[in-house]
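Colleague: I'd like a close look at one part of this model, with the neighbouring pieces brought in where they help. Could you walk me through it in one go?

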Amino acid sequence: MTLESLPGSSGYLDLFPERRMSYFSNPYVLGLTVIAGIGGLLFGYDTGVISGALLYIKDDFEIVRQSSFLQETIVSMALVGAMIGAATGGWINDAYGRKKATLLADVVFTAGAIVMAAAPDPYVLILGRLLVGLGVGTASVTAPVYIAEASPSEVRGGLVSTNVLMITGGQFLSYLVNLAFTQVRGTWRWMLGVSAVPAVIQFFLMLCLPESPRWLFMKNEKDKAIAVLSKIYDIARLEDEVDHLSAALEEEQQRKRTVRYLDVFRTKELRLAFLAGAGLQMAGFNSNQLALLLSLIVAAMNAGGTVVGIYLIDHFGRKKLALSSLSGVIVSLVILAGAFFAETPGSSNGIYGWLAVIGLALYIAFFAPGMGPVPWTVNSEIYPEQYRGICGGMSATVNWISNLIVAQTFLTIAEALGTGVTFLILAGIALLAVVFVIVYVPETKGLTFVEVERIWKERAWGSSYNTESLLEHGNEST
């Protein structure tokens with residue numbers, strides 16, 4: 001039995017191509033995507049706003065101005081919180097649902113924003129940064145999964161990528177807010193505190209939205225799940241989706257297994273899926289730190305590139321888009337390295353400066369449409385339903401750990417080895433990422449969740465696997 005011989009929604013759409021949905025064809029799904037994507041906005045805003053706020057924090061707190069350690073802690077504590085939030089957020093998603101996880105993230109983020117805005121000293125500010133990070137980490141797991149589970153397979157990539165657009169839009173918004181509050185009393189307090197507004201808005205909007213239909217179905221709340229799915233699909237396709245969910249639920253009931261973190265490493269197909277997902281997150285690690293150095297114009301370029309990615313990811317495919325994106329990233333990093341190697345101390349030749357600007361612009365132009373949205377999209381769709389939360393959380397934790405490593409080492413390596421060598425190291429990592437994507441990452445464009453899961457089972461047990469052999473070997477490790 002091979003993947004191609006199995007029925008699925010993609011086969012249904014081959015029979016009835018006129019019923020394929022477009023990105024804008026279902027206002028309900030698009031509205032749900034935008035509301036859930038506010039979590040991405042919070043993610044992006046916090047990433048960008050701290051760079052501007054820190055300049056004014058140093059003016060208010062002498063101890064911060066005199067201590068580079070405190071400055072680094074204020075910035076990186078949000079990353080620490082995000083790692084914890086992502087790791088625990090995956091379990092919260094699976095145990096209590098995507099909606100409750102989002103509501104919890106909003107509450108924690110709002111509390112963190114209020115604590116930061118009212119902080120009497122840098123240590124309370126650091127506590128606020130930790131709380132905000134917890135909210136961001138939970139949201140970074142929840143939003144892509146929630147959107148993916150409510151999305152038709154043929155537009156799932158574009159809809160999940162909308163969350164990435166919200167991230168880059170949040171970065172752009174943070175620069176605007178930084179500019180807006182530069183002449184206002186309590187500058188940095190406004191910059192950090194205003195982030196509570198979108199969190200509060202999302203909280204109340206989410207109260208009006210349903211739980212993920214797939215999560216509801218797996219929790220045996222079938223009537224509620226079908227009620228939600230009926231707003232997404234027509235009658236004929238609704239029956240097809242319900243049949244797939246019923247089959248998946250029956251298989252899980254036969255296994256009668258409790259979901260555990262160790263299963264991710266003990267079960268071969270889960271291990272393969274997690275390797276692909278976490279590896280993609282590591283491959284995309286260096287964008288956020290470069291984004292902190294962007295001007296307002298380049299930040300807008302980053303958001304514009306993500307819009308292109310929303311279109312390409314469901315037309316070009318995840319794997320091809322990732323490979324073309326990484327190829328361009330390698331070229332741009334080599335250009336950046338060459339510009340710094342060619343620049344000599346005391347040189348007045350401005351051509352190398354412009355070469356560096358071109359390299360940076362190319363980096364964003366190639367990264368934003370591809371390796372910006374692809375890792376988040378793939379991680380939202382490659383795991384089985386019952387493990388989607390914890391595996392997504394583990395992969396997001398890898399992303400945040402990678403960001404923290406870059407934040408703590410980039411300038412140190414640049415000072416020790418030179419900026420040109422540092423960019424060449426990044427180019428080498430991107431080259432390894434190309435090999436990784438070719439070897440480990442499958443193409444999931446247009447596939448249903450059931451079909452994606454079967455890819456891993458075939459890779460794990462061979463194309464001749466069947467249900468009986470899966471039940472026999474499901475608990476075994478190799």
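Modeller: Let's begin at Pro213, which sits in helix α11. Keep in mind that this is a predicted model. Is Pro213 buried or exposed? With a relative accessibility of 2%, Pro213 counts as buried, since anything under 20% falls in that class. If you look for a partner far off in the sequence, try Tyr146: 67 residues separate Pro213 and Tyr146 along the chain, yet their C-alpha atoms are 9.2 Å apart in space.

Stay in the same short helix for a moment. α11 covers residues 213-218, and Leu216 belongs to it too. Leu216 has a relative accessible area of 5%, so it is buried as well. Its distant partner is Arg98: the two are 118 residues apart in sequence, but from C-alpha to C-alpha the gap between Leu216 and Arg98 is 9.9 Å.

Move on along the chain and you come to Asn220, in the loop between α11 and α12. Here the backbone does something worth a second look. Most residues other than glycine have a negative phi. Asn220 is not a glycine, and still its phi is positive, at about 65°. How accessible is Asn220? Its relative accessible area is 48%, which makes it partly exposed; the exposed class would need over 50%.

After that loop comes helix α12, residues 222-229, where Ala225, Val228 and Leu229 are buried. Those three take up an arc of only 100° around the axis, so they lie on the same side of α12. On the face turned away from that buried side you'll find Asp223 and Lys224, both exposed.

Now for the longer helices, starting with α7. α7 runs over residues 122-149, and at 1.5 Å a residue its 28 residues should span 40 Å; the C-alpha atoms at its ends are 41 Å apart, so expectation and model agree. There is a bend in α7 of about 25° at Ala139. As for its surroundings, 22 of the 28 residues of α7 are buried, so the helix is largely enclosed by the rest of the structure.

You can run the length check on α5 too. That helix has 29 residues, 68-96, which should span 42 Å at 1.5 Å each, and the end C-alpha atoms are 41 Å apart, so this agrees as well. α5 has a kink of about 35°, centred on Val75. Further along α5 is Gly85, which is buried, with a relative accessible area of 0%. Gly85 and Leu130 are 45 residues apart along the chain, and 9.7 Å separates their C-alpha atoms. Just past the helix, α5 is followed by Gly97, which has a positive phi near 105°.

Two helix pairs round out the tour. For α18 (residues 318-342) and α22 (residues 419-440), the axes come within 8 Å and cross at roughly 165°. That angle makes α18 roughly antiparallel to α22, because the cut-off for that class is over 145 degrees. The crossing of α18 and α22 is left-handed. Within α18, have a look at Gly338. At 31% relative accessibility, Gly338 counts as partly exposed. Its C-alpha lies 9.3 Å from that of Val421, although Gly338 and Val421 are 83 residues apart in sequence.

The other pair is α8 (residues 156-180) with α20 (residues 374-381). Their axes are 9 Å apart, and α8 and α20 pack at an angle of about 125°. α8 and α20 are therefore oblique to each other, and the crossing in which α8 passes α20 is right-handed.

To come back to where we started: Pro213 is buried, and so is Leu216, while Asn220 in the loop after them is partly exposed. If you have the model open, follow that stretch into α12, with Ala225, Val228 and Leu229 buried and Asp223 and Lys224 exposed on the face turned away.

Definitions and conventions. Residues are numbered from 1 along each chain as its sequence is written. This is a predicted model: local features need pLDDT of at least 70, side-chain atom pairs count only at pLDDT 80 or more; totals for chains, interfaces and linings use all residues. Side-chain values use heavy atoms; hydrogens and water are left out. Helices (H or I, at least four residues) and strands (E, at least two) are DSSP runs, numbered from the N terminus. The expected span of a helix is 1.5 Å times one less than its number of residues. The bend at a residue is the angle between axes fitted to the seven residues ending there and the seven starting there. Buried means under 20% relative accessible area, exposed over 50%, partly exposed in between (1.4 Å probe, protein chains only). The arc is that of the directions from the helix axis to the C-beta atoms. Axes are lines fitted to C-alpha atoms, for helices over the stretch in contact, and angles run from 0 to 180 degrees between N-to-C directions. Angles under 35 degrees count as roughly parallel, over 145 as roughly antiparallel, 65 to 115 as roughly perpendicular and the rest as oblique. A crossing is left-handed if the near helix is turned anticlockwise from the far one by less than a right angle, and right-handed if clockwise.
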